[in-house]
Amino acid sequence: MSSTDFPFKRYTITSALPYANGPLHIGHLAGAYIPADIYVRFLRLNGRDVVYVCGSDEHGAAITIKAKKEGTTPQAIIDQYHAQIKASFEQFGISFDIYHRTSERIHHELSQEFFLNLYEKGEFTEQVTEQYYDEEYHQFLADRYITGTCPNCNNEGAYGDQCEKCGTSLNPTDLINPLSTLSGKPPVLRETKHWYLPLDKYQPWLEKWLLEGKKDVLKPNVYGQCRSWLKSGLQPRSMTRDLDWGVDVPLDDAAGKKLYVWLDAPIGYISATKQWALDTGNDWEKYWKKQADPADDACLIHFIGKDNIVFHCITFPSILHAHGEYVLPENIPANEFLNLEGDKLSTSRNHAVWLHEYLAEFPHKQDELRYVLTSILPETSDSEFTWRDFQARVNNELVAIFGNFINRVLVLSHKYFDGKVRSATNLTDTDRFIFAELERYPKHIAASITHFRFREALAQFMNVARLGNKYLADAEPWKVIKTDEERVKTVLNVGLQIAANLAVLAQPFLPHTAQKMAEMLRLGDLAWENAGGGVLLPTGHQLGQTQLLFEKITDEQVNAQLAKLREAKADSGKPTEAVADAKGDVEFTDFVKMDIRTGEILAAEKVAKTKKLLKLTIDTGIDERTVVSGIAEFFAPEEIVGRQVAILVNLEPRAIKGIVSQGMILMAEDADGRLDFVSPHTTMRPGSVIR
């Protein structure tokens, strides 16, 4: 690749900070860590100056609540999970330059410096609001310290920020009969002062920088979510909280207040870089701050999951912009969600594949999981992991194609030529075609990686393995050796050159496998620019010992994992087929009064100052009408335009948030509160009657 393919002199790569109140699962890997690791390894293979940072997010109410439940301290909780997460990353092979933690003094000091910088510039607004207060414990309550009855599903154990039964996002004041989790008594509302970041003030700048400047840069799913947020109108967001755990607000009149986690957590990327620079003798400011010559600015890229898009695309850039000394993100290639066995991943229900458990139960199979997760990355829409698919991809692709080719070409080279590379002579058209393909593939794989199309890049990498496997199968050197030894020398030379190229190309995707191959082939350190060559292994080169790259995943292993998920589901207390109780009978004459028809969503947008509501314009076949629907937490507006729906058209209109809603769309809701559209299987004309 040429220098024009890498327009920046240095790169700062971050992955979302995992929350230190639980272990890692495969959804985390597919969202923020495997894509970033592929990209970073690729940059390093191309000789780029790159720092890759991450660390444990160790503040927030969820950690104090977990500590209270377990009868321990927040420090003990974060120490336990930071160590576990860090060890899992290291064993799995994520190549951070540093894995830091936000409880370190260097992070607290830098976060306070950021706050004071914005405070002294007058960027914050001070607001006094009412918040729940526990009179017995003499403290304001974070959202998670308040429980009550959910107004949506009547779950009596809903939290002040979310009902975990139905998934609805809540404000503490939405709860019916709220109680403090500290005293068990009803809290009272008291006034408290907080400092707000005026995101509405930055909206014109964000529209120019993000919607205009990043339109052809961001992935469609990321750009669409940002556009939706901005279209709904940004509101000031509090940057402080009444908590007893976190970074102190560095003001004299802010006793007992901490910085909001989405102020201090992303600053954790910078404090981690600062610590790395102290440890290694580097200059951290080169990777984060604007340079005298803009051509020397670093390229900042955040790898995150779907749930963190707004914070990395809107909140954190606004903070950096307000500060003024820091570079802004060049890209935020966020992934969507990874589901598991037909259901969403759930840490509370233990419906997950935990990384530390996988590493223990599938020793030395890190690359098998990397391969499968990369092949199904939820790059622009949600995807699903199943154990049967994991087994099929490992057995039918890694073992039967990639591993089979490498094993055969090495075994035959040892068997016929004492493990030495023989010269290739009298090349056929097929041989020349192979070398031409080898030269072509690295460029295409590189283009896919640089555009964050990692699934596509991996598929092309596997095509190189397929190329080698087919070449060897068609050439049949085990037969030809009986009549034409010279031809077999050439065939195995070509096969070994393919293997050597695969060893180079595998490094971003399958680092453990690439290392094994380098040992078997006795390859030195090779850069990406070496890939595509036909003489990576010179004539006379002595090969190393052959070893199997992959083993088949057995039915017994898969069945054990499926059984574990079933047991977790039973233990969570959720029936396998949980359904709502049946309602009472209705008269047929009442049913036929309902006019339910098919409709098509023509437009959708968020309702300002709400979390749950979308304003929909629907073609009912009768007319075009507005319907306000509480589905914003499950569907982005841009995702549902064009969807066919079932709509009750003769529901009496009513005003919702100042908008007259003329009907109701029908949705199916499962036991977890997940919603999906009730719609025809084939396209129907809007206005078709549903009977």
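Is Asn 177 buried or exposed? In this predicted model, Asn 177 counts as exposed, at 61% relative accessibility. The residue sits in strand β8, which spans residues 176-180. Its backbone is also notable: Asn 177 is not a glycine, yet it has a positive phi of about 55 degrees.

Glu 341 is a further non-glycine residue with a positive phi, here of about 50 degrees. Its place is in the loop between β15 and β16. At 28% relative accessibility, Glu 341 counts as partly exposed, since the partly exposed range runs from 20% to 50%.

The two strands that flank this loop belong to an open sheet. That sheet has 3 strands, in the order β16-β15-β17, and its pairing is mixed. The edges are taken by β16 (343-344) and β17 (383-385). Each of these has a single partner strand, so one side of each lacks a neighbour in the sheet. Strand β15 covers residues 338-340 and runs antiparallel to β16, with 2 bridges joining them. Across this pair, Asn 339 stands opposite Lys 344 of β16.

A second open sheet contains 5 strands. Their order is β3-β2-β1-β13-β14, and the pairing is parallel. Here β3 (98-101) and β14 (329-331) are the edge strands. Both have a single partner strand, so each is left with one side that has no neighbour in the sheet. From one strand to the next, the twist averages 35 degrees. At one edge, β14 is joined by 2 bridges to β13 (residues 299-303), and the two run parallel. Leu 300 faces Pro 329 of β14 in this pairing.

Strands β19 and β20 form a hairpin, with 4 residues between them. Gly 621 lies in the turn and has a positive phi of about 85 degrees. The two strands run antiparallel, and 6 bridges join β19 (residues 614-619) to β20. One pairing matches Leu 616 with Val 627 in β20. Strand β20 covers residues 624-629, and 5 of its 6 residues are buried, so this strand is largely enclosed by the rest of the structure.

Nonpolar packing was examined next. The largest nonpolar core has 175 residues. Within it, the residues with the most contacts are Ile 13, Phe 385, Phe 402 and Phe 461. Phe 461 touches Phe 402, Ile 445, Leu 502, Leu 505, Ala 506, Phe 509 and Leu 510, leaving aside neighbours within four places in sequence. Another core, of 16 residues, lies apart from the largest one. Among its members are Ala 604, Leu 616, Phe 635 and Phe 677. Leu 616 is thus a member of this core and the bridge partner of Val 627 in the hairpin.

Ile 498 is found in helix α16, which covers residues 485-505. How accessible is Ile 498? The residue is buried, with a relative accessible area of 0%. Its contacts are with Phe 405, Ile 434, Leu 438, Val 464 and Gly 468, not counting residues up to four places away in sequence. One of these, Val 464, is 34 residues from Ile 498 in sequence. In space, the two are 7.6 Å apart, C-alpha to C-alpha.

Helix packing was considered for α1 and α13. Helix α1 covers residues 26-45 and helix α13 covers residues 429-450. Their axes come within 10 Å and cross at roughly 125 degrees. The two helices are therefore oblique to each other. The crossing of α1 past α13 is left-handed. On the α1 side, Ile 38, Tyr 39 and Phe 42 make the contact. On the α13 side, Ala 446, Ile 449 and Thr 450 do so.

Helix α2 spans residues 61-69. Its residues Ala 61, Ile 63, Thr 64, Ile 65 and Ala 67 are buried. The buried residues of α2 pack against α3 (74-92). Just after α2 comes Gly 71, which takes a positive phi of about 65 degrees.

Methods. Residues numbered from 1 in each chain as written. Predicted model: local features only at pLDDT ≥ 70, side-chain atom pairs only at ≥ 80, totals over all residues. Heavy atoms only, no water. Pairing = 2+ DSSP bridges. Core = buried A, V, L, I, M, F, W, Y, C linked by side-chain atoms within 4.5 Å. Buried < 20%, exposed > 50% of the residue type's maximum accessible area, 1.4 Å probe, protein only. Contact = heavy atoms within 4.5 Å. Axes fitted to C-alpha atoms, helices over the stretch in contact; angles between N-to-C directions. Parallel < 35°, antiparallel > 145°, perpendicular 65-115°, else oblique. Left-handed = near helix turned anticlockwise from the far one by under 90°.
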